[in-house]
Amino acid sequence: MSIGTVLIQLREEFPEVTISKIRFLEAEGLVEPQRTPSGYRKFTPRDVERLAQVLRMQRDHYLPLKVIREHLEALARGEQPVLPSPGDRRDLADGVWETDAGAATAARIGRAELLAAAEVDDERLTEWESYGLIAPSPEGGYDAETVTVAKLVVDLGRFGLEPRHLRAMRASADREAGLVEQLVAPLRRHRNPQTRAHAEATANEIAELSVRLHAALVQSALRSRLH
């Protein structure tokens, strides 16, 4: 089948899927269609079912692509991996599970635990907060992403980068988050609950691509400056 035919079949269950989405999943190694001598993609029924599996896991379990890939590889090895329940979501930074009920888990820690994890004192944490690098979650405490941020701020500080230098990165991250929010807003306003839930998986994908693009741009800029 051509990619257009695949799109028509998938849209019966996934109205929001696009050709760009199918190409993205191919680029991520989640499906490997055959190629004609002229370079056109040719999908088999098995490819279409695999794509549907991926889209279901994103929609129903809110899983990032890395976890989906690992799950499919385990199935191919004959294993029977267990997927999380639809009420769970996965943290992209450290792979920490957290329930929608907001139960106390490793993904939510207090100030003392954050200080211990980052190996800094309260004065430094207060300084980071004054520059907007660190902030408690609306529910209270600090989430897994904040722990990752704190550790990275410490690591960058060893090279002489101070919080005032990193403030521009915080502002850039906020702008990118705002852009992602605009892109998934139509999905979040949809009447279909599954479509609204799919907005989170879509936002995660865009975030992954954004991080990769940022890293590639920085590396490209450094290469041009250092050579």
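**Reading burial, salt bridges and helix sides**

Modeller: Lys21 is buried, with a relative accessible area of 12%. The model in which this value was computed is a predicted one.

Colleague: What cut-off makes a residue buried?

Modeller: A residue counts as buried when its relative accessible area is under 20%, and as exposed when that area is over 50%; partly exposed lies in between. The 12% of Lys21 is therefore in the buried range.

Colleague: How many of the residues of the chain count as buried, as a percentage?

Modeller: Of its 227 residues, 33% are buried. The accessible surface of the chain is about 14100 Å², and carbon and sulfur atoms supply 55% of that surface.

Colleague: How many helices and strands does the chain have?

Modeller: There are nine helices and six strands. Contacts tell us how the chain folds back on itself: among those with a separation of 6 or more, 50% join residues that are 24 or more positions apart.

Colleague: Let us return to Lys21. How should one read a charged residue, in general terms?

Modeller: One looks for a partner, because side chains of opposite charge can pair when their charged atoms come close.

Colleague: With which residue does Lys21 form a salt bridge?

Modeller: Its partner is Glu205, and the closest N and O atoms of the pair are 2.2 Å apart. Lys21 belongs to helix α2 (residues 19-27) and Glu205 to helix α9, so this salt bridge ties together parts of the chain separated by 184 residues in sequence. Glu205 is also buried, at 8% relative accessibility.

Colleague: How many salt bridges are there in the chain?

Modeller: The count comes to 13. One of them joins Arg35 and Glu26, at 3.3 Å from N to O. Glu26 is buried, with a relative accessible area of 18%, whereas Arg35 is partly exposed, at 45%. Another links Arg164 with Glu162, where the closest N and O atoms are 3.0 Å apart. In that pair Arg164 is partly exposed at 45%, and Glu162 is partly exposed at 38%.

Colleague: Which residues are linked in a network of salt bridges?

Modeller: Glu13, Glu49 and Arg56 form such a network.

Colleague: Is Asp47 buried or exposed, and how far away is the nearest side chain of opposite charge?

Modeller: Asp47 is buried and has no salt bridge; the nearest side chain of opposite charge is that of Arg50, 6.6 Å away. Asp47 is part of helix α3 (residues 45-61). Leaving aside residues up to four places away in sequence, Asp47 touches Val31, Glu32, Pro33 and Lys42.

Colleague: How does one read the sides of a helix?

Modeller: The general idea rests on the geometry of the turn: an α-helix has 3.6 residues a turn, so residues three or four places apart point the same way.

Colleague: Which residues of helix α5 are buried?

Modeller: In α5 (residues 111-118), Leu114, Leu115 and Ala118 are buried. They lie on the same side of α5, because the arc they cover around the axis is only 100°. Ala112 and Ala116, on the other side of α5, are exposed.

Colleague: What covers the buried residues of α5?

Modeller: The cover includes β5 (108-109), α6 (122-130), β6 (142-143) and α7 (144-157).

Colleague: Which residues are buried in α2, the helix that holds Lys21?

Modeller: Lys21, Ile22, Phe24, Leu25 and Glu26 are buried there. These buried residues pack against α1 (3-11), β1 (34-35), β2 (41-42), α3, α4 (65-76) and α9.

Colleague: How should one read the backbone angle phi?

Modeller: One checks its sign, since most residues other than glycine have a negative phi.

Colleague: What is the phi of Gly29, just after α2?

Modeller: Gly29 takes a positive phi of about 80°. Glu119, just after α5, also has a positive phi, of about 60°, and this residue is not a glycine. Glu119 sits in the loop between α5 and α6 and is exposed, with a relative accessible area of 67%.

Colleague: Finally, which residues form a nonpolar patch on the surface?

Modeller: Val218, Leu222 and Leu226 form this patch, and together they have about 290 Å² of accessible area. Val218 belongs to helix α9 (residues 193-226) and is partly exposed, at a relative accessible area of 37%.

How values were computed. Residues are numbered from 1 along each chain as its sequence is written. This is a predicted model: local features need pLDDT of at least 70, side-chain atom pairs count only at pLDDT 80 or more; totals for chains, interfaces and linings use all residues. Side-chain values use heavy atoms; hydrogens and water are left out. Helices (H or I, at least four residues) and strands (E, at least two) are DSSP runs, numbered from the N terminus. Buried means under 20% relative accessible area, exposed over 50%, partly exposed in between (1.4 Å probe, protein chains only). Contact means heavy atoms within 4.5 Å. Accessible areas come from the Shrake-Rupley method with a 1.4 Å probe; for residues, only the protein chains shown count as cover. The arc is that of the directions from the helix axis to the C-beta atoms. Patches are made of residues with over 30% relative accessible area and no salt bridge: like charges are joined within 9 Å, nonpolar side chains (Val, Leu, Ile, Met, Phe, Trp, Tyr) within 5 Å. A salt bridge is a side-chain nitrogen of Lys or Arg within 4 Å of a carboxyl oxygen of Asp or Glu. Lys and Arg count as positive and Asp and Glu as negative; His and the chain ends are not counted.
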